[in-house]
Amino acid sequence: MLLKQEAVDLIKHFEGYRSKPYLCSAGVPTIGYGSTFYANGTKVTLQDSPINEQIADDLLNLTLNRIFIPGVLRCCPVLINHPNKLGAIVAFAYNLGVGRLQASTLRRRINEQNWEAAAEELLK
């Protein structure tokens, strides 16, 4: 995995762990640390059985490696050389979506390597 464990821990901290399915703030059935799909691609439903923390951790890592890290690097390829910044932006994308990053001023600032302006965008 390209992400440092600190970045994964940050995502886990802000997402929180829930063993039972729930509706996230966007109204999407979610489980574990914010997973909306299982490893086999099946969508989470509110009728699903609870999962343990190890399965939630595995789902988070799988989702980060399959979707969010590649999505962030497609938007901001310069982050491959900045693991701490990559972790922060993956956490941003995990929360708000890669599409939101793709259409953002934040993306432009990152690709310009204007780190001060990028940090200002994150604080908005």
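User: Buried means under 20% relative accessible area, and exposed means over 50%. By that standard, does Ala91 count as buried or exposed?
Analyst: The model is a predicted one. Ala91 is found in helix α3. Its relative accessibility is 17%, and the cut-off for burial is under 20%. Because 17% falls under that limit, Ala91 counts as buried.

User: With which residues is Ala91 in contact, leaving aside its neighbours within four places in sequence?
Analyst: Ala91 is one of the α3 residues that make the contact with α1. On the α1 side, that contact involves Ala7, Leu10, Ile11 and Glu15. Once its neighbours within four places in sequence are left aside, Ala91 is in contact with Leu10 and Ile11.

User: How are α1 and α3 oriented, roughly parallel or roughly antiparallel?
Analyst: The axes of these two helices come within 9 Å and cross at roughly 30°. Angles under 35 degrees count as roughly parallel. The crossing angle therefore makes α1, relative to α3, roughly parallel.

User: By class, how many residues in the contact of α1 with α3 are charged?
Analyst: The α3 side of this contact consists of Gly87, Val90, Ala91, Tyr94 and Asn95. Divided by class, the contact has six nonpolar residues and two polar ones. The number of charged residues is one.

User: What is the orientation of α2 and α3 to each other?
Analyst: These two helices pack with their axes 10 Å apart, at an angle of about 105°. An angle from 65 to 115 degrees counts as roughly perpendicular. The orientation of α2 and α3 is therefore roughly perpendicular.

User: In the contact of α2 with α3, how many residues are nonpolar?
Analyst: From α2, the contact takes in Leu60, Thr63, Leu64, Phe68, Ile69, Val72 and Leu73. From α3 come Leu86, Ile89, Val90, Ala93 and Tyr94. One residue is polar and none is charged, while the number of nonpolar residues is 11.

User: From which helix does the largest share of the largest nonpolar core come?
Analyst: This core has 33 residues, and Leu3, Leu64, Val72, Leu79, Val90, Leu101 and Ile110 touch the most other members. At least two residues are supplied by each of α1 (5-15), α2 (53-75), α3 (83-96), α4 (98-102) and α5 (105-111). The largest share, nine residues, comes from α2.

User: Which residues are in contact with Val72, leaving aside its neighbours within four places in sequence?
Analyst: Val72 is among the core residues that touch the most other members, and it also takes part in the contact of α2 with α3. Without its neighbours within four places in sequence, Val72 is in contact with Leu79, Leu86, Ile89, Val90, Ala93 and Leu101.

User: What is the relative accessible area of Ser35?
Analyst: Ser35 has its place in the loop between β2 (29-32) and α2. Not counting residues up to four places away in sequence, Ser35 touches Pro29, Thr30, Val44, Leu59, Leu60, Thr63 and Tyr94. This residue is buried, with a relative accessible area of 1%.

User: Which residues does Asp57 touch, not counting residues up to four places away in sequence?
Analyst: Asp57 is found in helix α2. With a relative accessible area of 18%, Asp57 is buried. Not counting residues up to four places away in sequence, Asp57 touches Lys12 and Tyr33.

User: Is Gln113 buried or partly exposed?
Analyst: Gln113 lies in the loop between α5 and α6 (115-123). Its phi is near 60°, a positive value in a residue other than glycine. With a relative accessible area of 41%, Gln113 is partly exposed.

Conventions:
Residues are numbered from 1 along each chain as its sequence is written. This is a predicted model: local features need pLDDT of at least 70, side-chain atom pairs count only at pLDDT 80 or more; totals for chains, interfaces and linings use all residues. Side-chain values use heavy atoms; hydrogens and water are left out. A nonpolar core is a set of buried Ala, Val, Leu, Ile, Met, Phe, Trp, Tyr and Cys residues joined through side-chain atoms within 4.5 Å. Buried means under 20% relative accessible area, exposed over 50%, partly exposed in between (1.4 Å probe, protein chains only). Helices (H or I, at least four residues) and strands (E, at least two) are DSSP runs, numbered from the N terminus. Contact means heavy atoms within 4.5 Å. Axes are lines fitted to C-alpha atoms, for helices over the stretch in contact, and angles run from 0 to 180 degrees between N-to-C directions. Angles under 35 degrees count as roughly parallel, over 145 as roughly antiparallel, 65 to 115 as roughly perpendicular and the rest as oblique. Ala, Val, Leu, Ile, Met, Phe, Trp, Tyr, Cys and Pro count as nonpolar, Asp, Glu, Lys and Arg as charged, and the others, Gly among them, as polar.
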